[in-house]
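Here is a short tour of a protein chain, written to be read beside the model. Please keep the viewer open as you go.

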Amino acid sequence: MIIALSEYGIRFINLIYMLPISTQLILILSALGSINGFIVALYLWVQPSKNLSNRFLAAMLIMISIRTLKSVLYHFNPDIIIIILQIGLSACFLIGPLLYFFCLSHLKLITHQKVRWSYHLIALVSVITIIGIIFPYQQHLELWRNLLYTLINYVWLMYIVLSFIVISPKIKSITKQAKLTQDDIWLLSVFIGNAIIWLAYFTSSYTSYIAGALSFSFILFIACLLVLFKFKDKVIKIKYADKEITTEEADLLIDRLHLLMKNEELYKNSLISMPQVAKRLGISTPKFSQLLNDNLNKSFSLYINELRIEAAKSILVSNSNQTIETIAELCGFNSQSTFYSVFKKQTKLTPAKYKEQTLNL
């Protein structure tokens, strides 16, 4: 067995060198998903938390990786060793169930199942293993290529439907709240990605047999980006967790900030920057940013522009004959168009309309 696989590997590598560059590129892209799938699965499996949903996801990625790797090998070399085809289809039989249990565990519903998940999976593994022993692919080609291939794909679809039923309450709550958390995005991404891969394989007779492997490569790339963003956000939270500004300190800093702006009118400087204000307050720029975001719920530009608009309002209602352009410049705006845009956004009125309405009160 090992010798046969080694010989096949050598023949496959020699075949790759003979392919056109464009075909080699497709081969690399389609195989990339399988290779990265194994790597991501290993990463999820060795996490210290031993999260059950991560274990199910890791197992599902391994099954998809085996399935897609089989597709790649068969697509580019139809003279593939038969046992590889059997292993690939056997792995496909478990993708749907693992998705189903991932959804249950991710939503903390796994304990509510009457039948333990382990018994469920052991039964499925036993079924496909026994079928493989009694009816090996090499001796029952038509059985595997027709009946079993169709059955395996519909079992996968059945579990996709069951998974949708499990997550549908979550989808409804997301629709009502119109807000997605990182966990929501992760759950929906895994489910939708799995469904897309199934669809790609199911419709491969109308498109291309390699479409499933290519779709897995693309979906896994997107999923890896989501993981990176999630990890980055977690790192940022940990980084600032021990640097949280106390309420008392925040109140003192806010009072000093308001007094600084009132006395020195720093906002009227069109080139004012966050580091400059932070330096005047005697704190670091990150801490000043944290103060604005966490305690005032504002960005630096919003805070400065609010002060500029308040100053502009005062000038507008003072019966001054100054032009809009001059007022904009006096209040720290470097262009009249920016002044108009910010003023209307904050007051829902143009400067002229605001002046007219206020003076007629």
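## A helix pair and its surroundings

In this predicted model, helix α9 (residues 247-264) packs against helix α10 (residues 274-281) at an angle of about 110 degrees, and their axes lie 10 Å apart. That angle makes α9 roughly perpendicular to α10, a label used for 65 to 115 degrees, while angles under 35 degrees count as roughly parallel, over 145 as roughly antiparallel, and the rest as oblique. The axes are lines fitted to C-alpha atoms, for helices over the stretch in contact, and angles run from 0 to 180 degrees between N-to-C directions. Helices here are DSSP runs (H or I, at least four residues), strands are runs of E with at least two residues, and both are numbered from the N terminus.

Which residues make the contact? On the α9 side they are Leu253, Arg256, Leu257, Leu260, Met261 and Glu264, and on the α10 side Val277, Arg280 and Leu281. Contact means heavy atoms within 4.5 Å. Sorted by class, the contact of α9 with α10 has 6 nonpolar, no polar and 3 charged residues. For this sorting, Ala, Val, Leu, Ile, Met, Phe, Trp, Tyr, Cys and Pro count as nonpolar, Asp, Glu, Lys and Arg as charged, and the others, Gly among them, as polar.

Now look at α10 itself. Val277, Ala278 and Leu281 are buried there, where buried means under 20% relative accessible area, exposed over 50%, and partly exposed in between (1.4 Å probe, protein chains only). Down the axis of α10, the buried residues fall within an arc of 100 degrees, so they line one face of the helix; the arc is that of the directions from the helix axis to the C-beta atoms. Their cover includes α9, α11 (285-295) and α12 (300-316). After α10 comes Gly282, with a positive phi near 80 degrees.

Two buried residues are worth finding in the viewer. Asn305 sits in helix α12 and counts as buried at 17% relative accessibility. Leaving aside residues up to four places away in sequence, Asn305 touches Phe333, Val342 and Gln346. Val155 belongs to helix α6 (residues 141-177) and is buried, with a relative accessible area of 14%. Val155 and Gly96 are 59 residues apart in sequence, yet their C-alpha atoms are 7.1 Å apart in space.

Next come two loop residues that have a positive phi although neither is a glycine.

| Residue | Phi | Loop | Relative accessible area |
|---|---|---|---|
| Lys108 | about 60 degrees | between α4 (82-106) and α5 (117-134) | 61%, exposed |
| Asn297 | about 55 degrees | between α11 and α12 | 63%, exposed |

## The whole chain

How many helices and strands does the chain have? Its secondary structure comes to 15 helices and 0 strands. Of the 361 residues in the chain, 39% are buried. Among contacts with a separation of 6 or more, 67% are between residues 24 or more positions apart. The chain exposes about 21100 Å², with carbon and sulfur atoms supplying 64% of that area. Accessible areas come from the Shrake-Rupley method with a 1.4 Å probe, and for residues only the protein chains shown count as cover.

Residues are numbered from 1 along each chain as its sequence is written, and side-chain values use heavy atoms, with hydrogens and water left out. Because the model is predicted, local features need pLDDT of at least 70 and side-chain atom pairs count only at pLDDT 80 or more, whereas totals for chains, interfaces and linings use all residues.
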